[in-house]
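Dear colleague,

I am passing on the structure we spoke about, and you will find the sequence and the coordinates directly below. After them I have written out what I found, beginning with a metal site.

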Amino acid sequence: MKRLMTAGGMKRRVLIVDDEMINRELLGAILSQSYEVAFAADGAEAMTMLAEEEPGFSLVLLDLMMPVMDGFEVIARCRADKRLRYVPIIVMTSEKTAEVKSIRAGAVDFITKPYDMPEVILARCERIIELSEDKSIIRSTERDRVTGLYTRGYFFAYLQRLLPHLTAPMDALVLNINRFHLVNELLGHQEGDRILGVIGKLLMEKMTPLRGIACRSESDTFFVFAERQNEYDSLIKELQKQLGLLTKAHDLPLRAGIYHCQDDAAEPEIWFSRAKAACDRISGQYNTLTASFNNELHEQTVFRERLNSDVQDAIDNRGFTVYYQPKYRIQGDRPVLTSAEALVRWNHPVFGFVSPGVFIPLFEKNGLICKVDYYVWCEAAAQIQRWREQYGIALPVSVNVSRVDIFDNALEKKLLDIRAAYSLDPGALMLEITESGYADNAEQLVDVVTRLRDRGFKIEMDDFGSGYSSLNMLTTIPFDVLKLDMQFVRHMLSDSKKQRLVEVVMDLAAFLEVPVVAEGVEEEEQLRALRALGCDIVQGYYFSPPVSAERFGELIEKELQEKNAAHGNS
Ligand code: C2E
Ligand code: CA
Ligand code: CA
């Protein structure tokens with residue numbers, strides 16, 4: 001089947017422009033077998049039709065000598081018109097000299113008069129249309145629709161081709177507009193796109209004298225590859241000024257990270273990820289517009305990459321251990337050990353002890369957290385079983401469930417399998433889900449959490465009050481325990497507003513009929529204040545930091561002794 005004949009089920013349209021009727025009819029007869037043909041008797045008429053007609057023409061066959069407006073004028077006008085620039089034009093002429101001239105002016109091919117071989121003419125038209133459509137596909141993958149800059153894919157392909165010919169030292173720049181999503185939210189996506197378009201155009205203008213190329217990499221991130229400059233602050237300042245004028249907002253900081261490209265083995269993609277790392281580092285800073293990738297950042301990147309690649313090894317070779325921090329019920333005569341939170345620890349063969357505060361956020365970003373969490377869940381379940389055998393008590397343990405886990409379709413099955421494998425009661429394994437996990441995709445989360453609760457898991461809303469909690473969330477998302485974020489406890493004694501907030505949360509929890517766990521309790525006074533406010537459960541250094549399973553066994557023994565003593569007294 002000839003793909004040339006139709007576009008989207010419609011015949012392609014060809015415009016024949018000639019002042020002699022006999023020529024129009026002759027050509028029309030040849031082409032109408034394959035195309036929908038329209039006619040114009042001079043250049044002016046042709047321009048009107050080209051300007052008005054939708055869905056446009058795939059090809060123009062153009063006579064050069066015509067009254068009113070000749071063919072050369074038509075070519076010139078089309079080439080100057082943004083919409084008509086790429087419509088292929090074949091000129092029809094009997095003069096050899098005019099052929100060269102018209103091709104120079106921008107025609108793609110010519111047909112000599114008089115027309116003798118219809119098949120040849122038809123084949124020529126087909127080929128020209130095919131070529132022009134292929135080119136337009138290339139154009140559309142080459143250019144970003146919103147900004148007119150290169151697309152990311154084309155940018156890197158082009159960069160690779162440039163590399164062997166470079167003579168000057170080059171820089172990789174990553175430009176990022178912070179909080180650009182606000183523009184989309186406040187002014188609408190269309191306006192957001194328009195603003196990005198202006199910024200893209202400006203960037204392109206700035207790049208030309210620097211002999212650079214630029215692309216839009218993601219929504220509000222631009223990549224630039226250009227000859228090394230002494231400084232980039234003035235470029236950023238100017239773009240920032242434009243951005244301010246366009247958005248009438250001052251709070252969209254534009255920042256650039258720079259990597260000085262070297263002849264090392266690193267791939268261009270890595271140059272840009274380094275520039276991006278430099279950019280990320282200053283994204284929250286007010287006075288710094290640009291930053292270069294330096295050794296410190298290099299080490300950080302290498303460190304992170306190493307952590308990523310060592311996860312599996314740590315799982316296989318017990319590099320991860322699970323620590324347990326006790327939670328105590330505080331409303332009775334004496335604090336009673338009720339449960340524990342499982343917290344992962346990493347003793348790395350090279351870096352030594354690595355804080356979860358470092359690797360958890362990293363693994364949350366790249367999804368590796370699912371592996372780590374699964375390991376911790378299994379370990380915790382095995383530990384519950386061991387303590388049960390050792391002490392005859394089933395101490396519930398909470399495990400952390402990261403936001404990424406929520407989007408894992410196998411989550412429910414994984415947890416049920418673990419529970420079955422260690423013959424745990426439904427309530428033995430409790431799930432802590434951080435509050436920010438609730439904000440993103442509430443619908444899916446409500447779904448997942450509801451199903452888990454139906455299966456008997458107890459859900460604790462972790463870090464409550466640290467993020468963008470909405471009261472609405474409290475009523476739509478089912479949970480069993482509220483875990484007050486540590487910052488409240490930390491400041492409640494010195495800051496009366498924080499104390500008041502704790503009271504409000506207690507009231508809320510009472511209204512919802514769920515217990516409150518206060519985290520980060522370090523001092524006796526905090527404990528007393530919380531007890532007075534009606535807080536049920538407390539976790540923190542005051543009682544114990546997270547400890548190994550072995551040390552935790554001692555806490556259980558102590559609890560059992562105290563329990564016995566209390567019984568003995570009564
Ligand atoms: P989190 O879930 O809020 O865990 C409580 C953190 O507070 C723990 O830090 C704990 O050691 C610390 N902490 C407990 N009591 C006190 C106190 O009295 N004072 C102070 N200053 N800190 C206290 P850790 O173990 O470093 O964990 C940090 C975070 O890493 C955790 O915060 C949790 O979000 C995450 N995390 C830890 N283990 C895991 C895990 O297995 N899976 C997932 N997804 N996240 C984990
Ligand atoms: Ca937690
Ligand atoms: Ca917490």
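Please bear in mind throughout that this is a predicted model. The calcium ion (ligand 3) is coordinated by D462 and D463 through OD atoms and by E519 through two entries of OE, at distances of 2.2 to 3.0 Å. Along the sequence, the donor residues of this calcium ion (ligand 3) follow the spacing D-D-x55-E. Of the two aspartates, D462 has a relative accessibility of 4% and therefore counts as buried, the cut-off being under 20%, whereas D463 is partly exposed, with a relative accessible area of 22%.

The calcium ion (ligand 2) lies 3.9 Å from the calcium ion (ligand 3), and D462 coordinates both. The protein donors of the calcium ion (ligand 2) are E341 (OE), N400 (OD1), E432 (OE) and D462 (OD), which lie 2.1 to 2.4 Å from the ion, and in sequence these donor residues are spaced E-x58-N-x31-E-x29-D. Because N400 belongs to strand β17 (residues 397–401) and D462 to strand β19 (residues 458–464), the pair ties together parts that are 62 residues apart in sequence. N400 itself is partly exposed, with a relative accessible area of 24%.

Ligand 1 is surrounded by 22 residues, of which the closest are R345, D373, M486, E522 and Y541. An N or O atom in the side chain of R345 is 2.8 Å from an oxygen atom of ligand 1. Two donors of the calcium ion (ligand 3), D463 and E519, also come up here: a polar side-chain atom of D463 lies 3.3 Å from an oxygen atom of ligand 1, and for a polar side-chain atom of E519 the corresponding distance is 3.5 Å.

Turning to another part of the chain, helix α3 (residues 71–80) has G71, F72, V74, I75 and C78 buried. Seen down the axis of α3, these buried residues fall within an arc of 160°, so they line one face of the helix. The elements that cover them include α2 (43–52), β5 (59–63), β6 (89–93) and α4 (96–105). At the N-terminal end, α3 is capped by D70, with a side-chain oxygen 3.3 Å from the backbone nitrogen of F72.

As for the overall layout, the domain assignment gives domain 1 (2–142), domain 2 (150–293) and domain 3 (303–569). The centres of domain 2 and domain 3, taken over C-alpha atoms, are separated by 42 Å.

With best wishes

Definitions and conventions. Residues are numbered from 1 along each chain as its sequence is written. Chains are lettered from A and ligands numbered from 1 in the order in which they are written. This is a predicted model: local features need pLDDT of at least 70, side-chain atom pairs count only at pLDDT 80 or more; totals for chains, interfaces and linings use all residues. Side-chain values use heavy atoms; hydrogens and water are left out. Donors are N, O and S atoms within 2.8 Å of the metal (3.2 Å for Na, K and Ca); water is not among the atoms, so sites may look incomplete. Buried means under 20% relative accessible area, exposed over 50%, partly exposed in between (1.4 Å probe, protein chains only). Helices (H or I, at least four residues) and strands (E, at least two) are DSSP runs, numbered from the N terminus. The arc is that of the directions from the helix axis to the C-beta atoms. Contact means heavy atoms within 4.5 Å. A polar contact is a pair of N or O atoms within 3.5 Å; within protein, one must be able to donate a hydrogen and the other to accept it, and residues adjacent in sequence count only if both atoms are side-chain atoms. Domain bounds come from an automatic or database domain assignment. A residue is near a molecule or strand if one of its heavy atoms lies within 4 Å of it.
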